[in-house]
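Please open the structure in your viewer and keep the sequence panel beside it. The tour below suggests what to select at each stop and says what is there.

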Amino acid sequence: MNVNDAQAILDSYVAKGIPGCSMTVYKDHKEIFRAKSGYADAEAGREMSFDALANIYSCSKVITCTAALTLVAAGKMRLDDALGEYIPEFAKMNVRVHLPNGESVIRPTSRQIKISDLFTMSAGLDYDLNSEPIRRVREKTDGRCPTLEIVKALADRPLCFEPGTQFRYSLCHDVIGALIEVVSGMSFGEYLKRTIFDPLEMNDTGFVVGNEKTSRMMAQYRYDPELGKAVNIGPKCAYKLGSEYESGGAGLISSLEDYGKFVDMLACEGVGANGARIISRGFIDVMRAPKFVINHPGYRYALGVMVHTDRSESLMPSPLGEFAWSGAAGSQMLIDPENHISMFYMQHMLATPLPVRDRLVNVVYS
């Protein structure tokens with residue numbers, strides 16, 4: 001890759017309104033590029049640093065799916081199993097069916113939700129964080145919102161469609177977090193720590209920031225199109241529904257270095273740079289098996305990631321089979337198992353108006 005071009009892209013993002021950003025690229029466990037630009041906190045004048053922490057939002061999903069696949073690999077559950085076998089509240093679900101006359105009726109589903117439906121976002125759930133069942137648990141638990149209690153409550157609502165029939169971005173991966181709790185017998189966060197974070201020495205990744213690390217948290221922004229600039233909105237993550245809620249879909253906080261270790265592991269046969277094996281290459285291939293068409297030309301949705309399937313549509317230089325995902329505040333990840341290449345880009349601004357990912361991928365493969 002052209003290092004000067006990569007640095008220039010980060011600088012251009014800052015010039016166009018992103019307060020601060022950083023990026024790392026690995027090949028065969030070796031970091032071949034690391035750069036930063038701008039500010040971790042523009043108002044305070046704190047420059048961007050490589051150990052800055054940020055909400056990674058939906059980049060959490062790839063960690064969650066990887067952790068769940070380790071349980072599949074251990075024989076603790078199967079992707080084809082019914083979710084209701086582990087969380088009985090989901091054993092008998094209803095679905096809302098829309099009729100030609102514009103009315104709708106609620107009927108029992110034709111089959112149960114499978115665990116694989118959660119991975120592929122095809123379980124029929126939605127992403128309503130303020131639904132009546134969630135509000136009920138929040139009130140009942142005085143705002144604690146334990147992960148499993150919230151997820152059990154989601155089963156009270158009818159599904160949006162029959163399980164497995166279509167793609168809809170939703171709280172599916174939050175349900176996977178609760179499923180991990182049930183199958184592993186420990187909290188979701190503890191399972192992530194024991195299975196992924198500790199083995200890979202990801203010491204800055206988790207659902208909360210310790211007091212000794214709060215000074216490293218990046219200021220969080222949202223792009224305001226009316227003002228034409230980034231506005232500081234405070235550090236809160238809207239997907240953290242309560243003090244005890246661990247969101248598998250969007251709740252993790254991480255750093256450039258930590259998440260770089262994670263994507264490097266996935267790009268290198270499931271083995272970290274320190275020799276720790278997290279998952280097998282076979283399950284990485286399961287993760288990137290394409291399933292549903294999504295609104296990203298040349299890519300299809302697989303198990304928690306989008307996978308490159310058609311270069312003529314994507315117009316991207318990465319190989320077929322490259323897989324990726326992103327977070328609401330702009331973080332971007334890329335994993336290329338064929339060439340053992342991985343990339344992680346970090347920023348902390350929601351509603352970014354720039355096509356960040358495509359330029360990054362182009363320069364990585366330059």
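Begin by selecting helix 6, whose buried residues are covered by parts of the structure that include helix 2, helix 3 (115–119), helix 5, helix 7 (188–200) and strand 11 (299–301). The model you are looking at is a predicted one. Twelve of the 13 residues of helix 6 are buried, so the helix is largely enclosed by the rest of the structure. To see them, colour Cys172, His173, Asp174, Val175, Ile176, Gly177, Ala178, Leu179, Ile180, Glu181, Val183 and Ser184, which are the buried residues of this helix. If you measure from end to end, the C-alpha atoms at the two ends of helix 6 are 18 Å apart, which agrees with the 18 Å that its 13 residues should span at 1.5 Å a residue. Step past the end of the helix to Gly185, which follows helix 6 and has a positive phi, near 80°.

Next, keep helix 6 (residues 172–184) in view and add helix 5 (residues 147–154), which packs with helix 6 at an angle of about 120°, the axes being 9 Å apart. That angle makes helix 5 oblique to helix 6, and helix 5 passes helix 6 in a left-handed crossing. To display the contact itself, show Thr147, Leu148, Val151 and Leu154 on the side of helix 5, together with Asp174, Val175, Ala178, Glu181 and Val182 on the side of helix 6.

Now select helix 2 (residues 60–73), where 14 residues at 1.5 Å each should span 20 Å, in agreement with the 20 Å between its end C-alpha atoms. Helix 2 is mostly covered, since 13 of its 14 residues are buried. Just after helix 2 comes Gly75, which takes a positive phi of about 80°.

From here, turn to the nonpolar interior. In soluble globular proteins, nonpolar side chains tend to be buried together. The largest nonpolar core in this model has 113 residues, and those with the most contacts inside it are Met23, Ile196, Tyr259, Phe262 and Tyr345. Helix 2 gives the most to this core, with eight residues. A second, separate core has five residues, among them Cys237, Ala250, Ala329 and Leu350.

Which residues is Tyr345 in contact with, leaving aside its neighbours within four places in sequence? Centre the view on Tyr345 and you will find Leu10, Tyr13, Ile18, Cys21, Ser22, Met23, Gly330, Ser331, Gln332, Val356 and Leu360 in contact with it.

Then select helix 1 and helix 11 (residues 356–364), which pack at an angle of about 165° with their axes 9 Å apart. This angle makes helix 1 roughly antiparallel to helix 11, and the crossing of the two helices is right-handed. Where they meet, Asp5, Ala6, Ile9, Leu10 and Tyr13 come from helix 1, while Val356, Arg359, Leu360 and Val363 come from helix 11.

For the last stop, follow the chain on to Gly17, which is found in the loop between helix 1 (3–15) and strand 1 (20–27). Is Gly17 buried or partly exposed? Its relative accessible area is 27%, and Gly17 is therefore partly exposed. Apart from neighbours within four places in sequence, Gly17 is in contact with Ala230 and Met349. You may also select Gly38, which lies 21 residues from Gly17 along the chain, and whose C-alpha atom is separated from that of Gly17 by 9.8 Å.

Key: Residues are numbered from 1 along each chain as its sequence is written. This is a predicted model: local features need pLDDT of at least 70, side-chain atom pairs count only at pLDDT 80 or more; totals for chains, interfaces and linings use all residues. Side-chain values use heavy atoms; hydrogens and water are left out. Helices (H or I, at least four residues) and strands (E, at least two) are DSSP runs, numbered from the N terminus. The expected span of a helix is 1.5 Å times one less than its number of residues. Buried means under 20% relative accessible area, exposed over 50%, partly exposed in between (1.4 Å probe, protein chains only). A nonpolar core is a set of buried Ala, Val, Leu, Ile, Met, Phe, Trp, Tyr and Cys residues joined through side-chain atoms within 4.5 Å. Contact means heavy atoms within 4.5 Å. Axes are lines fitted to C-alpha atoms, for helices over the stretch in contact, and angles run from 0 to 180 degrees between N-to-C directions. Angles under 35 degrees count as roughly parallel, over 145 as roughly antiparallel, 65 to 115 as roughly perpendicular and the rest as oblique. A crossing is left-handed if the near helix is turned anticlockwise from the far one by less than a right angle, and right-handed if clockwise.
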